[in-house]
Amino acid sequence: MLPHCFYFFNLKRINIITIKKIAELANISPGTVDRIIHKRGQVAQETVDKVNAIIEEFGYKRNILASNLALNKKFHFAIFLPKSETLEYWKSQIDGIEKAALEFSKFGIVLDYFFYDYNLSSFKESAKKIMQFECDGLLFAPIFYEESVQFLDEYKKKNIPIVMIDSNISEENEHAYVGQNAFQSGYLAGRLISFAVKNERQVLIFKITREIESTSVYLQRIKGFYSYFKDHDELTNFKFSEVTLKDSGIDQLSMEMFLGVNSVFVPNSRAYIVADFLEKNNIKGVRIIGFDLLKENIEYLNKGVIDFLINQRPEDQGYLGINYLYKKLVLQEETEKTHYIPLEIILKENYFPVK
């Protein structure tokens, strides 16, 4: 049999002391210990102090998961995202969300989806439904900036945790966020454009947009891109111009747009549209930098038409968004509100498809 002192050392080291053991050490009933831990009922202060001293010495942590399972408690997370049927980026977000849901489903997590078409009226319609839906936490992609700000301002009255993915529009870290630092990703694109350039360079920023892409993430990338060159005023040989195209039609591109252009920056996932045009018209020597590992982007990356892609790891965003709500609500743990996804630079030579 182990010495008495060794037994106590083990309790403290591996932190397994129970309510029953605390009761034995304090010479009181387990029910009294439970009332002290949960601050229920009247207990003599002397007894309270004795129990708290034991807890502080040996450690005690309520098994929240066991309590939730015993009560068969369910946690409903509302998912408010664009439809992903034809949008590869958002499909990856859903893959990450489903991966987390499968992993945590045994702990009572239930997902309730509210999808909207990629337009403002559909967004507003889904927002009304969510306002009427009772849940424990919300995962939200704030695509329309002004409307998303209004929605969050109203929704925060529910006083439940909110985690945003893809774009961070929260003022003063009010809500949780999982995704890239959009400004820094644009700044990084500027650095990539500047590498190994000595002669004069004409840089074209291609803003291939839908109506929604006045989003903060889109604008922050462009702002970050220009900021790199402002911070490096020795790079006087760079000249910039912008072209805005509505929707995504390649028929809107022209040969004249690329006269004298050496580099192209596309601040969203549509770099493949520019790459397709350059390839079809046999335009060589234009460096292209864009975002996201879409199938079309990867095709032109492997062909050497696109030079760099900055990967946002959308599947990780979806997974970590649900993981945040799981830790916050199920485990009742304090978690960092902002989780920036690392900025991954993908080239032809370091791209390996996920199997």
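## Helix packing and buried residues in a predicted model

The axes of helix α6 (residues 88-104) and helix α13 (residues 314-330) cross at roughly 35 degrees and come within 6 Å. The crossing of these two helices, α6 and α13, is right-handed. On the α6 side, the residues that meet α13 are Tyr89, Ser92, Gln93, Asp95, Gly96, Ile97, Lys99, Ala100, Glu103 and Phe104. On the α13 side, the partners are Pro314, Glu315, Gln317, Gly318, Tyr319, Ile322, Asn323 and Tyr326. Sorted by class, the contact of α6 with α13 contains eight nonpolar, six polar and four charged residues.

**The chain as a whole**

The structure described here is a predicted model. The average pLDDT of the protein chain is 85, and 86% of the residues score at least 70. Over residues 1-15, however, the pLDDT is below 50, and this stretch has 13 contacts in the model beyond near neighbours in sequence. The secondary structure of the protein chain comprises 13 helices and 12 strands. Of its 355 residues, 48% count as buried. Among contacts in the protein chain with a separation of 6 or more, 69% involve residues 24 or more positions apart.

**Two further helix pairs**

Two other pairs of helices can be described in the same terms, as the table shows.

| Helix pair | Angle | Distance between axes |
|---|---|---|
| α7 (residues 120-132) and α8 (residues 145-155) | about 5 degrees | 11 Å |
| α3 (residues 30-37) and α4 (residues 45-58) | about 85 degrees | 10 Å |

How are α7 and α8 oriented relative to each other? Their angle is about 5 degrees, and α7 and α8 are therefore roughly parallel. In this pair, Leu120, Phe123, Lys124, Ala127, Ile130 and Met131 of α7 meet Glu147, Ser148, Phe151, Glu154 and Tyr155 of α8. The residues of this contact of α7 with α8 divide into seven nonpolar, one polar and three charged.

For the other pair, the angle is about 85 degrees, and α3 and α4 are therefore roughly perpendicular to each other. The contact is formed by Thr32, Val33, Ile36 and Ile37 of α3 together with Thr47, Val48, Val51, Asn52 and Ile55 of α4. Six nonpolar, three polar and no charged residues make up the contact of α3 with α4.

**A mostly covered helix**

Helix α11 (residues 271-280) is mostly covered, with seven of its 10 residues buried. Which residues of α11 are buried? They are Ala271, Ile273, Val274, Ala275, Asp276, Phe277 and Leu278. The buried residues of α11 pack against the strands β6 (201-209), β8 (263-265) and β9 (287-291), and against helix α12 (295-303). Just after α11, asparagine 282 adopts a positive phi of about 55 degrees.

**Two buried residues in strands**

Isoleucine 79 belongs to strand β1 (residues 75-82). Its relative accessibility is 0%, so isoleucine 79 counts as buried. Leaving out residues up to four places away in sequence, isoleucine 79 touches Ile97, Leu111, Asp112, Tyr113, Phe114, Leu139 and Ile322. Two of these residues also appear in the helix pair described at the start: Ile97 lies in α6 and Ile322 in α13. The C-alpha atom of isoleucine 79 is separated by 9.2 Å from that of isoleucine 130, and the two residues are 51 residues apart along the chain. Ile130 is also one of the α7 residues that meet α8.

Valine 243 is found in strand β7 (residues 238-246). Is valine 243 buried or exposed? With a relative accessible area of 16%, valine 243 is buried, because the cut-off for buried is under 20%. Apart from its neighbours within four places in sequence, valine 243 is in contact with Leu204, Ile205, Phe206, Lys207 and Met257. Phenylalanine 206 is 37 residues from valine 243 in sequence, and their C-alpha atoms are 5.2 Å apart in space.

**Positive phi in two loops**

Asparagine 27 is not a glycine, yet it has a positive phi of about 60 degrees. This asparagine 27 is placed in the loop between α2 (19-26) and α3. Asparagine 27 has a relative accessible area of 71% and is therefore exposed.

Aspartate 292, also a residue other than glycine, has a positive phi near 80 degrees. Aspartate 292 lies in the loop between β9 and α12. At 5% relative accessibility, aspartate 292 counts as buried. The two elements that flank this loop, β9 and α12, are among those against which the buried residues of α11 pack.

Key:
Residues numbered from 1 in each chain as written. Predicted model: local features only at pLDDT ≥ 70, side-chain atom pairs only at ≥ 80, totals over all residues. Heavy atoms only, no water. Axes fitted to C-alpha atoms, helices over the stretch in contact; angles between N-to-C directions. Helix = DSSP H or I, 4+ residues; strand = E, 2+ residues; numbered from the N terminus. Parallel < 35°, antiparallel > 145°, perpendicular 65-115°, else oblique. Contact = heavy atoms within 4.5 Å. Nonpolar A, V, L, I, M, F, W, Y, C, P; charged D, E, K, R; others polar. Left-handed = near helix turned anticlockwise from the far one by under 90°. Buried < 20%, exposed > 50% of the residue type's maximum accessible area, 1.4 Å probe, protein only. pLDDT = per-residue confidence, 0-100.
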